[in-house]
Amino acid sequence: FFPQVDSANTGRVLASDAAVFLKKSGLTDLVLGKIWDLADTDGKGILNKQEFFVALRLVACAQNGLDVSLSSLNLPVPPPRFTDTSSPLLLSGTSSDIPWAVKLEDKAKYDAIFDSLNPVNGLLSGDKVKPVLLNSKLPVDILGRVWELSDIDRDGMLDRDEFAVAMFLVYCALEKEPVPMSLPAALVPPSKRKPISVPGAMPLVPSSASTKDGHQSLPPVGILAAKAPLMQ
């Protein structure tokens, strides 16, 4: 992975290049910010090869549900997985064949809550969702991760399906189940799943693709954590 990011063979990786590459892990900005802070020990905005290895190891830990901390570095984990962000399989090979983890009867309950919050054009702003999440009495860092995972198209709003994902994660957390670091394929709503591209066919580009790709021009991942409305 290092030569991919250090194409000029300088022996170091700039924050901007590392940010673009690490986004391909599918982890949230919040988690990537934490990984960057741990790897860039002296805060110079550049990683040498050893520090880049630390970042990769922490990505692997996060992808396997382990705590993102230096104490996890010695735990046995499979290598980190990265996807090409231009690929329609960004969500770790999500296909429409996987049944949605949100059950129909639960979806009906979540829809009722969604409608009671007076959505505008089928969307709820962060301000409207925030009181519902805070009402769960879960720690703010957990709620921040719930928001990051459920706002799948990163528009700062939740539609009906994204809200169901948020509620599902909140109820999991209340049952003492860990909130994942990246959204499992089974939790991605069918409406948000990218089509599997067929060789020779025209790639289908969803309307949200431009906003997703726009993230790559943002500053290093450590700064991105401030975006989640719940963290303010």
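This report describes the overall make-up of a predicted protein model and then turns to the packing of two of its helices.

The protein contains 10 helices and four strands, and, when these elements are read along the sequence, they follow the pattern α-β-α-α-β-α-α-β-α-α-β-α-α-α. Some values for the whole protein are gathered in the table below.

| Property of the protein | Value |
|---|---|
| Buried residues, as a share of the 232 residues | 46% |
| Contacts with a separation of 6 or more that join residues 24 or more positions apart | 63% |
| Exposed area | about 12,000 Å² |
| Share of the exposed area supplied by carbon and sulfur atoms | 59% |

Within this arrangement, helix 7, which covers residues 140-150, packs against helix 8, which covers residues 160-174, and their axes come within 9 Å of each other while crossing at roughly 150°. Because angles over 145 degrees count as roughly antiparallel, helix 7 and helix 8 are therefore described as roughly antiparallel to each other. The crossing in which helix 7 passes helix 8 is right-handed.

Which residues of helix 7 and helix 8 meet? On the side of helix 7, the residues in contact are I142, L143, V146, L149 and S150, and on the side of helix 8 they are E162, V165, A166, L169, V170 and A173. Sorted by class, this contact of helix 7 with helix 8 is made up of nine nonpolar residues, one polar residue and one charged residue.

How values were computed:
Residues are numbered from 1 along each chain as its sequence is written. This is a predicted model: local features need pLDDT of at least 70, side-chain atom pairs count only at pLDDT 80 or more; totals for chains, interfaces and linings use all residues. Side-chain values use heavy atoms; hydrogens and water are left out. Axes are lines fitted to C-alpha atoms, for helices over the stretch in contact, and angles run from 0 to 180 degrees between N-to-C directions. Helices (H or I, at least four residues) and strands (E, at least two) are DSSP runs, numbered from the N terminus. Angles under 35 degrees count as roughly parallel, over 145 as roughly antiparallel, 65 to 115 as roughly perpendicular and the rest as oblique. A crossing is left-handed if the near helix is turned anticlockwise from the far one by less than a right angle, and right-handed if clockwise. Contact means heavy atoms within 4.5 Å. Ala, Val, Leu, Ile, Met, Phe, Trp, Tyr, Cys and Pro count as nonpolar, Asp, Glu, Lys and Arg as charged, and the others, Gly among them, as polar. Buried means under 20% relative accessible area, exposed over 50%, partly exposed in between (1.4 Å probe, protein chains only). Accessible areas come from the Shrake-Rupley method with a 1.4 Å probe; for residues, only the protein chains shown count as cover.
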